[in-house]
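Colleague: Please take a close look at one part of this model for me. I would like the detail on a single strand and its partners.

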Amino acid sequence: MPDRILRAMSLPTIDHRGPEFAVLGKRVLAGVGQIFQTRHPVVIYPASGTGAWEAALSNVLSPGDAVLMYETGHFASLWNKMALRLGLKPEFLAYRGADAQLPNAPGWRQGVQADQIEERLKADTQHAIKAVCVVHNETSTGVTSDIAAVRRAIDAARHPALLLVDSISGLASADYRHEAWGVDVTVSGSQKGLMLPPGISFNAVSPKAIEASKRARLPKAFWAWDEIIEMNQGGYWPYTPSTNLLYGLAEACDMLLDPTHGGLEGTFARHRRWGEGVRAAVRAWGLPIQCADPQLYSPVLTGVLLPEGVDADAVRRLIYERFDLSLGTGLGKVKGRMFRIGHLGDCNDLTLMAALSGCEMGLKLSGVKLAASGVQAAMEYFAGHPAPVALQK
Ligand code: PLP
């Protein structure tokens, strides 16, 4: 998190019914619209991303509705579990490549296969499936799925299902276009690319989703879009909003959209380049990248698979204790097999070099055989590929 955002959040909390508040409310709503790349409403909740997941499902669906979900990793699995708990009937598609039955969850190294979605929707001639739910950037694996391809698959099947996308970790680091990609509900959260503390989350909604919400019968009260969207017109919320997080959000939007640093395109380019630098290190170490498809490498984070028999969490623990560096743990089916290096939010070449140094020292101390120095490879990448001045931060 940048100091600029922390300082913005330290302002006194104003009256959320007073006139000054409307200025802030309108400012953040306009800003997030640009970040999601939509002209339609973005609903902001004082909740973590999990709340916004529930909001997305409960606003547009009815008890017993069939939904098509796709297993890309731990977060897709949790969303699927939530759909079950809400009384929906989720069908969980999974990767079906030739190696699908091998151990270590090969499907968790791939993205959403849009052709499978198209095939399944074409078979649903009665249109029982009401929504397709996919994760854009799977934070547990570092795989970024092609959302435009999922839209094309739904259109090719001529199916009316809504498209619901979790871009909790993708938004504001990876290219994301709610409106151009024809997404009906995009779910996101504050604590990733938006560089804020956890605590607020989002539903960007399409006119089709708003129409669906008028007929949907899953119980919803706090999450219901209608009253929020209505009060947002004046810059207010029907309940007490997270005022100080909204100060931070206004600042984050200014930073991410700042044309002197290339605007959103500049933001995406910075994260792509940082991802390249980190992957140069992982390749030099001779360790596999969790994402097996180079087209889908995440600009947000990189998952690093460790050799069979090495406990990735023991390596993480050693790195934490010796070097005060906290790496993301392997989650769900890849627990103990891999760790994750984040290159989202407020980072730069040198913070990443520090993280890679911590990894390299810790891997060596743990007895992991490295082919070459990843630190050296990343230094060469960053030095040899300067970011255009306008895109530097
Ligand atoms: N979906 C994805 C892709 C995530 O990365 C996360 C959290 O890391 C969640 C959902 C859940 O969000 P939260 O932990 O903010 O409730």
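Here is a close look at one strand, followed by two residues elsewhere.

Modeller: This is a predicted model, in which local features need pLDDT of at least 70, side-chain atom pairs count only at pLDDT 80 or more, and totals for chains, interfaces and linings use all residues. Residues are numbered from 1 along each chain as its sequence is written.

Take strand 9, residues 201-205. Helices (H or I, at least four residues) and strands (E, at least two) are DSSP runs, numbered from the N terminus. In strand 9, 5 of 5 residues are buried. Buried means 20 or more other C-beta atoms within 10 Å of the residue's own; exposed means 12 or fewer; partly exposed lies in between; C-beta atoms are placed from the backbone. Both faces are covered: Ser-201, Asn-203 and Val-205 on one side, Phe-202 and Ala-204 on the other.

Now the partners. Two strands pair if DSSP finds at least two bridges between them. Strand 1 (residues 42-45) pairs with strand 9 in the antiparallel sense, over 4 bridges. There, Val-43 has Asn-203 as its bridge partner. Strand 8 (residues 185-189) is also antiparallel to strand 9, with 5 bridges. Gly-189 stands opposite Ser-201.

Elsewhere, Arg-340 sits in strand 12 (residues 338-342). Arg-340 is buried because 23 other C-beta atoms lie within 10 Å. Ala-387 lies in the segment after helix 13 (374-384). Ala-387 is partly exposed, because its count within 10 Å is 18 other C-beta atoms.
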